[in-house]
Amino acid sequence: MSPPLPSRVLRPDFLFLDMEASSLEGGFPIEIGVCDDALQAHSWLIQPHPSWQDLEWNDVSQQIHGISQAKLIADGLPVDAVLLEMSKIVSPGHAMHSD
């Protein structure tokens with residue numbers, strides 16, 4: 001049985017951030033997600049930017065997050081579009097929390 005979801009946002013100034021990367025060392029962002037404490041979640045795949053071509057892609061990392069380069073190219077958004085979408089949710093005054 002799942003625990004009940006909150007009926008309202010208890011701390012509207014709190015957001016939780018999670019990111020996936022192409023590699024833990026020398027990589028680039030491939031997915032970013034934000035969630036408020038009412039469990040309203042948003043996530044975006046990020047297309048690799050041409051300037052990132054010399055950064056690392058790690059096959060072990062891909063096994064962990066399950067996102068292929070082909071999926072990023074096909075389904076991802078350009079990084080500037082992801083930032084624009086995030087700016088609709090994240091605004092000054094939000095406390096961001098991450099692992």
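A residue is described here as buried when its relative accessible area is under 20%. By this criterion His65 is buried, because its relative accessible area is 15%. The structure in question is a predicted model, and the following paragraphs describe its sheet, its nonpolar core, its aromatic residues and the surroundings of helix H1.

The strands of a sheet pair through backbone hydrogen bonds, in either a parallel or an antiparallel manner. In the present model, 4 strands form an open sheet with mixed pairing, and their order is S3-S2-S1-S4. Strand S3 (41-45) and strand S4 (95-98) occupy the edges; each has a single partner strand, so one side of each lacks a neighbour in the sheet. From one strand to the next, the twist averages 25°. Strand S1 (residues 14-21) and strand S2 (residues 29-36) run antiparallel and are joined by 7 bridges. Within this arrangement, Phe16 stands opposite Cys35 in S2. Helix H3 (residues 79-87) lies across S2 and S3, and runs at about 170° to S3.

Nonpolar side chains tend to be buried together in soluble globular proteins. The largest nonpolar core of the model contains 13 residues, of which Ile30, Ile32, Trp44, Leu72, Val82 and Met86 touch the most other members. Two or more residues are given to this core by each of S2, S3 and H3. The element that gives the most is S2, with 3 residues. The surroundings of one core residue, Ile32, may be considered in detail. When residues up to four places away in sequence are not counted, Ile32 touches Leu17, Asp18, Met19, His42, Ser43, Trp44, Ile46, Val82 and Met86.

Aromatic residues form a further group of contacts. The model contains 2 aromatic pairs. In one of them, Phe28 and Trp57 are tilted, with 6.1 Å from centre to centre and 40° between the planes. This pair links distant parts of the chain, as Phe28 lies in the loop between S1 and S2, and Trp57 lies 29 residues apart from it in the loop between S3 and helix H1 (59-65). Phe28 counts as buried because its relative accessible area is 6%, and Trp57 likewise counts as buried, at 16% relative accessibility. Together with Trp52, these two residues form one aromatic cluster.

Trp57 also takes part in contacts with residues of helix H1. His65, which lies in this helix, is in contact with Glu20, Ala21, Ile30 and Trp57, leaving aside its neighbours within four places in sequence. A polar atom of the His65 side chain lies 3.0 Å from the backbone nitrogen of Ile67.

Gln62 is likewise found in helix H1. At 25% relative accessibility, Gln62 counts as partly exposed, because residues are classed as buried under 20%, as exposed over 50%, and as partly exposed in between. The residues touched by Gln62 are Trp57, Ile67, Ser68 and Gln69, not counting residues up to four places away in sequence. With Trp57 there is a polar contact between the two side chains, at 3.0 Å. By contrast, Gln62 and Val34 are 21 Å apart in space, C-alpha to C-alpha, and 28 residues apart in sequence. Trp57 thus appears both in the tilted pair with Phe28 and in the polar contact with Gln62.

Conventions:
Residues numbered from 1 in each chain as written. Predicted model: local features only at pLDDT ≥ 70, side-chain atom pairs only at ≥ 80, totals over all residues. Heavy atoms only, no water. Pairing = 2+ DSSP bridges. Axes fitted to C-alpha atoms, helices over the stretch in contact; angles between N-to-C directions. Contact = heavy atoms within 4.5 Å. Core = buried A, V, L, I, M, F, W, Y, C linked by side-chain atoms within 4.5 Å. Buried < 20%, exposed > 50% of the residue type's maximum accessible area, 1.4 Å probe, protein only. Phe/Tyr/Trp six-rings, centres within 6.5 Å; stacked < 30°, edge-to-face > 60°. Polar contact = N/O pair within 3.5 Å; in protein donor to acceptor, adjacent residues only side chain to side chain.
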